[in-house]
Amino acid sequence: MPPAALVAGAGATDMMLRSYKGAVVAIVLALALLTPTLSAQVLPDDRLDLLYHFYEGGGMTIQGPSLLARKQIGSSVSVSASYTVDSISGASIDVVTTASPYTEKRTEISAGVDYLRGSTLLGFTYTNSDEKDYTANTFGVSVSQEIFGGMTTVSMGYVRGFDEVGRSDNPDFSADVDRHAWRLGLTQVLTRNLIAEVAFETISDEGFLNLPYRQVRFLDPDSATGFSWEPEVYPNTRTSNAIALRSRLHLPFRAALQTDYRYYADSWDIDAHTAEIGYTHGVLDRWTLDVGYRYYRQSGAEFFSDLFPFRESQNFRGRWKEISAFDSHAFRVGVNYEFMAERRGFLERSAVGLSFERILYDYRDFRDVRIDADPGEEPTYSFEANVIQFMLSVWF
Amino acid sequence: MSRQKLLAVAAAALLMGGCASVDPWVKPYERDRLADPIMSFERDPVIASHRRHVFDVREAARGAAGGSGGGCGCN
C-alpha cells in the first residue's frame, strides 16, 4: 500500500472509530441505567503479590521486582496499586549495529479503583511508565455487567494514553503520542465445565510513533560495507483491531485446559495470529502445575525493509525488527505451592509460584548485519530468550 | 443522540429486559468447577501483566490480550 493510501485508510478507519466509540459510550450508559438486581458480581480478592522477574535474550538482560496490592474498602469498593521496575543491561542487535543509545531503567506505577453496584462492576485505572527518554500516562475506565442469571458477563472499556518521547542525547527533543483504546468483551458460561470469552479491542495512535534513534540501512556503493544508515520515518497514525477467543475447560481430577486465539490487523499492513494452549493440574490440594505452548506469527509493516535501494527511497521507512515479519514459539512450565492454606491472624492464605518460559524468535526478513556478507545476503536474525518469574502471594 | 447511539441503547435495553425471563441452563449451584481458580482467565494478575509486557514489547500485535476484567458468572 502506498503511504498516501495508508493515511487515507487511517482516515476512513477513524470515521468508523468515532461511530464505534459513540456506540460503546451509549451501551455503557444503558448498562449503568438499567442495572438489574440479579446475581451479584464480586470484587477482586484482597491480596498482595510480590514478583521477581528475569528476562534474558538477544543480548539483553531485564530484571526487577513488581508489587501489586489490592484491598477492599467497605463492601463495594476495592483499591489497587502496583509498582514495577525493569533494570536493563546489555544491548540488543539494534544497539550493537547502529550504536543507538538505550534506556537502562523503566519504572511503572499504577493505581485503580473498582466500584461494585449490584451486578455491575465499574473500574478506573491510572498508569505511569517512566524511562529516561519515554514517559507514558494512561487513564482507563471500564464497566462489566452480569446478565442472564450470571451466565453472561458483558464488559467494555476505554483507555486514553498520553506519551512523551525524548532523546537522551538531545534534551531539546520532545514529541508526543496520543492513544485511544476501546474494548468490548463477552464472557459466557457454556456448560458446568466450560467457559468462553470473546474480546475485541481497537487502538488508535497519533503522533511520533518511531523511536528517534532507530536507523534503516540502504545500499551505498561509496561505503566500504556496501550500505549506509539513515533515520527511520514512520507514519504519524496507526489504528489496530484485535479480536480474541478464549476458553477454559474443567477436566476431571481438578485440571483445566486453556485455549486462546487472537487475530490482529493494523493500518500499517501488519497482521498477526497468536494461538496458545495451556494445561493446569492441581496436585495434592496444595500444588498446581502449569504447562503451555504459545505460537505467534506476524507479517511485516508495509514500509519495512531490511535494505532500502538508496537514500530516502520512500517517505516512510522502518527497519525495527518488531515490525518485520517473524514467527515465535514459547514453551512454559510453572509450579505453584500454597504453603499456608488456612487463616492465621489476618492472613487468609499464602502461596509461592515459580515459572519458566523459553521463547524462540525467528525473523523472516530482518538480517543479521554483524555477519560479513554481501548486503542483503546476510542470514536472517533469530534469538532465544528465557523468562523466569518468582512470585510470593498473600491473601488477607 | 445519533441513530447509532439510539440503536445501541435500544439493543442494550432489549438485552437487559430479557434478563428476568432467561433461565440459566447452568444453575448457580452447578458452577463450583467454574469457580475453581484454575479456571480463571487470569489467575495471578501480576504474573499475567508481566508476561503480556514481555510479548507486547517484542511483537507488533496489541490489544484484546485479556486483563480487561469480566467474570465467570460463578457467584
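Chain B has two helices and zero strands. This is a predicted model, and salt bridges are a good way into it: there are 36 of them over all chains. Below is a quick tour of chain B, the charged pairs, one buried isoleucine and a nonpolar patch on chain A.

**Chain B at a glance**

- Of the 75 residues in chain B, 41% are buried.
- The area that chain B exposes comes to about 3800 Å², with carbon and sulfur atoms supplying 59% of it.

**Where the two chains meet through charge**

- Arg43(B) and Asp290(A) form a salt bridge, and their closest N and O atoms sit 2.8 Å apart.
- Arg43(B) is in the loop between helix 1 (3–17) and helix 2 (45–56) of chain B, while Asp290(A) belongs to strand 15 (residues 287–298) of chain A, so this pair joins two chains.
- The partners differ in burial class: Arg43(B) counts as partly exposed because its relative accessibility is 24%, whereas Asp290(A), with a relative accessible area of 12%, is buried.
- There's also a network of salt bridges that links Glu276(A), Arg294(A), Arg332(A) and Glu357(A) with Arg51(B) and Glu59(B).

**Salt bridges inside chain A**

- Arg179(A) and Asp205(A) bring their side chains together in a salt bridge, 2.6 Å from N to O.
- That pair ties together distant parts of the chain, with Arg179(A) in strand 8 (residues 170–189) and Asp205(A) in strand 9 of chain A, 26 residues apart.
- Arg179(A) counts as partly exposed because its relative accessibility is 24%; Asp205(A), at 4%, counts as buried.
- Asp49(A) and Arg47(A) make another salt bridge, at 3.0 Å from N to O.
- Here Asp49(A) is buried, with a relative accessible area of 0%, and Arg47(A) is buried too, with a value of 9%.

**Ile203(A), a buried residue with contacts in both chains**

- Ile203(A) sits in strand 9 (residues 194–207) of chain A.
- With a relative accessible area of just 7%, Ile203(A) is under the 20% cut-off, so it counts as buried.
- Leaving out residues up to four places away in sequence, Ile203(A) touches Arg179(A), His180(A) and Ala181(A), then Arg238(A), Thr239(A) and Ser240(A), and on chain B, Arg62(B) and Gly63(B).
- One name there is worth a second look: Arg179(A), a contact of Ile203(A), is also the salt-bridge partner of Asp205(A).
- Phe148(A) is 55 residues from Ile203(A) along the chain, and their C-alpha atoms are separated by 30 Å.

**A nonpolar patch on chain A**

- About 1000 Å² of nonpolar surface patch is made by Tyr52(A), Tyr279(A), Leu284(A), Trp287(A), Leu289(A), Val291(A), Val333(A), Val335(A), Leu354(A), Phe356(A), Ile388(A) and Phe390(A).
- Strand 15, strand 16 (326–340), strand 17 (349–367) and strand 18 (380–395) of chain A are the elements giving two or more residues to the patch.
- Strand 15 of chain A gives the most, with three residues; Asp290(A), the partner of Arg43(B), is in strand 15 as well.
- Phe356(A), one of the patch residues, lies in strand 17 of chain A.
- Phe356(A) has a relative accessible area of 34%, so it is partly exposed.

Methods
Residues numbered from 1 in each chain as written. Chains lettered and ligands numbered in written order. Predicted model: local features only at pLDDT ≥ 70, side-chain atom pairs only at ≥ 80, totals over all residues. Heavy atoms only, no water. Helix = DSSP H or I, 4+ residues; strand = E, 2+ residues; numbered from the N terminus. Buried < 20%, exposed > 50% of the residue type's maximum accessible area, 1.4 Å probe, protein only. Contact = heavy atoms within 4.5 Å. Salt bridge = Lys/Arg side-chain N within 4 Å of Asp/Glu carboxyl O. Patch = residues over 30% accessible without salt bridge, like charges linked within 9 Å, V, L, I, M, F, W, Y side chains within 5 Å. Areas by Shrake-Rupley, 256 points an atom, 1.4 Å probe, with all protein chains shown as cover.
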